[in-house]
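Trainee: I am new to this structure. Please pick one part, look at it closely, and tell me how it is put together.

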Amino acid sequence: LPEAEPTVHMRDPDAGRERSLVLGRYRLLGKLGTGAFGVVWRARDERLQRDVAVKAITHDRAEPGRVEREARLTAQLHDDAIVRLYEVESDGETTYLISELVEGPTLAQLLAQGALSDRDVAEIGIALCRALSHAHAKGIVHRDVKPSNVLVPETGHAGAPAAKLTDFGIARVLA
């Protein structure tokens, strides 16, 4: 295993710190997107030698407990049509959600390009129904299903879902 470098604190996750090392093991390679609460980076897990997505949320950008709630809810979900969460860690200033990296555009990007056939739409719909059914069976309601929270993998294999649901940030647990 490579020797860990110190964590680089990300006071401003929008500052474009590509190549920075966070949490002593995740090398930020490039920004994938920006949302209301944080920035998602493509990163390399130098310990496990795999590419991951790192969602960086500074403590001043999210309501107290929101990130931890999202992590707890997402960690309960184990379905191929839901982006898998690997871990959540904080360095005191920023909380990082480390998850599966899905290579491919969002549904919003594909809709804007007009790049979907009727069959594609049906397959994505089936994958989303599967993801939501799994979450609902666990008592979790996503509450923010929208095209920008749906990732469409570029390459699939037999039996793989046509889409993956992400961002359970405002999800609620049914009582």
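**The open sheet and what lies around it**

Mentor: Buried residues make up 40% of the chain, which has 175 residues. Keep in mind that this is a predicted model. Its mean pLDDT is 86, and 86% of the residues reach 70 or more. Be careful with residues 1–14. There pLDDT stays under 50, although the model has 41 contacts beyond four places in sequence for this stretch.

Now the overall plan. The chain holds three helices and 10 strands. Along the sequence, they come in the pattern β-β-β-β-α-β-β-α-α-β-β-β-β. Take the contacts with a separation of 6 or more. Of these, 56% join residues that are 24 or more positions apart.

The part to look at is an open sheet of six strands. Its order is β1-β2-β3-β4-β6-β5, and the pairing is antiparallel. The edges are β1 and β5, since each of these strands pairs on one side only. In general, strands of a sheet pair through backbone hydrogen bonds, parallel or antiparallel.

Start at the β1 edge. Strand β1 covers residues 21–22, and two bridges join it to β2, residues 26–34. These two strands run antiparallel. Find V22, which stands opposite Y26 in β2. The hairpin of β1 and β2 has three residues between the strands. In it, L23 takes a positive phi near 55°.

Move on to the next pair. Seven bridges join β2 to β3, residues 39–45, again antiparallel. Two facing pairs help you trace this. T34 stands opposite V39 in β3. R27 stands opposite R44 in β3. This hairpin, of β2 and β3, has four residues between its strands.

Pause at the loop between β2 and β3, where G35 lies. Is G35 buried or exposed? Neither label fits: G35 is partly exposed, with a relative accessible area of 40%. That value falls in between because buried means under 20% and exposed means over 50%. The C-alpha atom of G35 is separated by 9.7 Å from that of I57. Along the chain, G35 and I57 are 22 residues apart.

Next comes β4. It pairs with β3 over seven bridges, in the antiparallel sense. D45 stands opposite R50 in β4. The hairpin of β3 and β4 has four residues between the strands. Here Q49 takes a positive phi near 55°. Strand β4 is mostly covered, with seven of its nine residues buried. It also pairs with β6, antiparallel, over seven bridges. In that pairing, A56 stands opposite Y96 in β6.

Look again at R50. It lies over the face of Y86, at 3.9 Å from the ring centre. What of aromatic pairs? A search of the whole structure finds zero of them.

Now see what packs on these strands. Helix α1 runs over residues 66–75. Its buried residues are R66, V67, E70, A71, L73 and T74. They pack against β4 (50–58), β5 (85–90) and β6 (94–100). They also pack against β7 (140–141) and β10 (172–173).

One more residue deserves a stop: K164, in strand β9, residues 164–165. Why does K164 count as buried? Its relative accessible area is 11%, so it falls under the 20% limit. Two polar partners stand out. The side chain of K164 makes a polar contact with the side chain of E100, at 3.0 Å. A polar atom of the K164 side chain also lies 2.7 Å from the backbone oxygen of D80. Set aside the neighbours within four places in sequence, and K164 is in contact with D80, A81, I82, V83, E100, V102, N149, V150 and L151.

To recap, follow the order β1-β2-β3-β4-β6-β5 across the sheet. Then place α1, whose buried residues pack against β4, β5 and β6, among others. Last, find K164 and its polar contact with E100.

Methods. Residues are numbered from 1 along each chain as its sequence is written. This is a predicted model: local features need pLDDT of at least 70, side-chain atom pairs count only at pLDDT 80 or more; totals for chains, interfaces and linings use all residues. Side-chain values use heavy atoms; hydrogens and water are left out. Buried means under 20% relative accessible area, exposed over 50%, partly exposed in between (1.4 Å probe, protein chains only). A polar contact is a pair of N or O atoms within 3.5 Å; within protein, one must be able to donate a hydrogen and the other to accept it, and residues adjacent in sequence count only if both atoms are side-chain atoms. Contact means heavy atoms within 4.5 Å. Rings of Phe, Tyr and Trp (its six-membered ring) pair if their centres lie within 6.5 Å; planes under 30 degrees apart count as stacked, over 60 as edge-to-face and the rest as tilted. A charge sits over a ring if NZ of Lys or CZ of Arg is within 6 Å of the ring centre and within 35 degrees of the ring normal. pLDDT is the predictor's confidence in each residue, from 0 to 100. Two strands pair if DSSP finds at least two bridges between them.
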